[in-house]
Every structure is written in C-alpha cells, then in structure tokens.
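Thanks for sharing this one. Here are a few friendly remarks on backbone geometry that you may like to have at hand while you look through the model.

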Amino acid sequence: MPVPVTAVQIEALAPDAASAAAAKRLARPGSWRDLGQSSCAIWGEYQGGVRYQTRVALADLAAKCSCPSRKLPCKHALGLLLLAANDATLFPVSAEPEWVASWLAQRRAARERKAARAGAAEPVDVAGRARRAEKRKDNILAGLDQLDAWMNDLIRQGLARVQGESWSFWDEQARRLVDAQAPGLAARVRSLGARAGSSEQWAPRLLDDLGQLALLTHAARRLDQLEPRLAADVRRLLGLTLDQSEVIAHGDLVEDLWQVLAERVDEGERVSTQRAWLRGTASGRTALVLQFSAGTQFEHTLLAGRQLRARLAFWPSAAPQRALIAEQQSAAEEFSGAPAGDSIAAALDGFCTLLAGCPWLDATLLVLAAVIPVAAQPVLVADATGQALPLARGDHDLLFALSGGRGLTLAGEWDGYRFLPRCAWAEGRRVVLERGA
C-alpha cells in the first residue's frame, strides 16, 4: 500500500528546514527496525543511539514518536514517511503492535468524545447570557466612540505624522479596544501600525484601511438595520465569534470532493495558524479553512495538491468563504493534473462580487490559467489578453524558471492589491512556491 503523499508533500509537513533535512538523512532502511503497515498506519523503530518507536496514521498523517523532540511532526516521523514513500515494500502488512494499536485506539476514543461533546445539549442560562450580551454591547459602543475620535485626530493631524510613531502608539489604542471587548477591532488597529511606513505606497493603503475601519464602526452601530448575513460579518469582525456547533447549526453545509489549492502556515510565538484554500470539484465553492496549533499537529492535514471528501460548514456571511471541516469522509489523496483556472478578468469579476457582498473582505483564492510572469517593478503575471496582476513578495526567480515563457496555472491569495502565488502547475508538474507567511 503506497503512502498517500509524495516526498515533496512530506517535506512540506516539516516544521522547519532543519527537520526536513534531518528527515532525509533518516530515510534509510538500515536505520530502522521492525517496519510494518496496516490499513490505518505505518510504523517502525529508529535505531540510533537510542531506539525510538515511531508511528504515523495514514488517514491524516498524524504522528507520534517516543523521542523527546517538541517539534511536530518530528524528524523521525518525517523520515519514516519518506522511507515509505520511496519504497513501500519495506513495510510488510502485519498486525499492529500494541504500541501502535493503543495509540490508534486513543485517537478514536478522543474523536468519539469530541463528537459526543458536540452533540450534547448543555443547559443555557438565558437571562444571564442576555445580561452579559447587553453589557458587552455597551462596552463595544463606548469603544467605537473612542476609536472614531482617535481616527478623526489621525486624519486631522495628517498621516505623515504616524510614520515616526513607535509601536506603542498603535498598541495603546488596540489595548483599549480589547478592554472594550472588541478584539477584532484591536487586531485591525495593530495591522494599521504594521502598514505605516512599510512600503512606498503605505500612505494610500493606510488611508484605505482607515476608511474600511470607519465603515465598520458605523455599521456596528446599525446592526439591527443590516441584512442578517452582513450583520453576521460585522459581528465577526468585532470579535463576536461563533463556536463550531453554532456554525454547523447555521446550516450552510456543503458535501463535496475538495481540492486543496493553496495553503500557508504562520508561525507565532505560541500558536501556529494554517490558512488553507479549498475548492469543491462539484459545487465550485471556495472555502478558507483556518486551523490553529499550540505545540501539536493540525487536526486535518491539508496540503496543496491533495483532495479529500468532506462536509464543510460555512460561517454565516454575505460573502461566505470561511469554513470548518464538519466531517472528513475520506483520507486525503493526491489529485492529478492542474486545477481549472480563470482568466485574470474573470477572477477579478469574482473578487468584485465577493467585495460587493462584504466590503471588509481581506483576501480570496484566485486560480489563474495560462499566465506568464513578466519582469517589471513590481513583477507581474499576465494572460493572453494582456491583463496583468502585480505580485507580492516571493520567489519570483522560481516562477520565471518554471514558466520559461510558457503559461502556468497559479493558485494563491489576492488581497485587492497584490497576488501571492502559493502553488504552480507547469506541464503536469506541481510546485509549492511558498508555505510560510
């Protein structure tokens, strides 16, 4: 039974370059003992100075190793996967040893407990919830008033002034919004600080951001007058989040075969975040799945170039994109060929439709067909009609090498200003361009 990932995808699982390099050194038959596989897992014992027991679940590539490494997956798990990808015949089909079977049983039990908790109805203190909601509403309204006054001062004094401000200037205002129980607004204010002085075009971009933020504060005061789906967007942007059961209960559930077309991992000090863009092969729906990890593997292994059958639940929105995996119905497997792509004009039309629904849209997935990188400042990608999009930072030399003057299929994120390709397909070959932020 072949491992359902390629060597390139296994390397993409590595938490850092050092782990990927170490895994290649460990992917040698002579370093392993008691290799085996079942329909659920592969396993083996790495024989170094100390013997380590390593196992990997085939359904989602979750791994566990007896080594002391805090990196997940560790170099031994990656090395075991690479070894299996290179030569599956080294792993005879056999009964799972106790240390593998018990681990798989623990994972099944954990999934069952999670499903039971999700389905269990807990008593709700309706009156207490209403009091807390009203108190939070008053706090947020006070925070909105203070934020509007701060932005008015910013505009009146001129944006040139903020270029010399320290980070505390932005952080102080963000902290006030956290105190006002509007963490979503606080995050947007901190992003303003990151924008100031960041590029030659920072001033008009900062002005755009302030305009969007002002529109949001005005919309937040008129929640009862907004169309319900747009009101849901405003609540989310304020930081009034829904839990997973509420998202599922909303009812926008789509079952499909989902292709992972682009993904990135942002490494934080304590929490890592994965942004994975999926597209349904039958529905054509685009989904953004966010996963968070604090020292553990992500719940679902979502790598560009793989597909899985799943039921996704979309957050209520006037431009629904964000979704969660309510039920994964098959193991992820590699799909062949390039995904269907659009012309630049068609892709931008789709973006404009989303933006008309929700004016605070941060980004969307674009899949562009037959585009060629063009040397300019900034570097562009252009299609046969002559339309072009500017590229964000990235390995542009790799794009030129892949293209060689021929058209590429590119999947990546578009924020209304720059296109950031994450995955490319050229003459039947898939190349992951960039996985980090």
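**Notes on unusual backbone geometry**

L61 has a positive phi of about 65°, although this residue is not a glycine.

1. To begin with, please keep in mind that this is a predicted model. The points below take the backbone of this model residue by residue.

2. Let me stay with L61 for a moment. This leucine sits in the loop between β3 (51-57) and β4. Is L61 buried or exposed? Its relative accessible area is 2%, and since buried means under 20%, L61 counts as buried.

3. A370 is another non-glycine residue with a positive phi, here about 55°. In this case the residue belongs to a strand, β11. How accessible is A370? The relative accessibility comes to 48%, so A370 is classed as partly exposed; the exposed class asks for over 50%.

4. Next, the peptide bonds. The bond from L72 to P73 is cis, and its omega is near -10°. As for where to look, P73 is in the loop that runs between β4 (63-65) and α3 (75-86).

5. Which residues does the other cis bond on my list join? They are Q377 and P378, with omega at about 5°. P378 lies in the loop between β11 (364-374) and β12 (380-382).

6. If you go through the model yourself, β4 is a handy landmark: the loop between β3 and β4 holds L61, and the loop between β4 and α3 holds P73. Likewise for β11: A370 lies in this strand, while P378 is found in the loop between β11 and β12.

Note on methods: Residues are numbered from 1 along each chain as its sequence is written. This is a predicted model: local features need pLDDT of at least 70, side-chain atom pairs count only at pLDDT 80 or more; totals for chains, interfaces and linings use all residues. Side-chain values use heavy atoms; hydrogens and water are left out. Helices (H or I, at least four residues) and strands (E, at least two) are DSSP runs, numbered from the N terminus. Buried means under 20% relative accessible area, exposed over 50%, partly exposed in between (1.4 Å probe, protein chains only).
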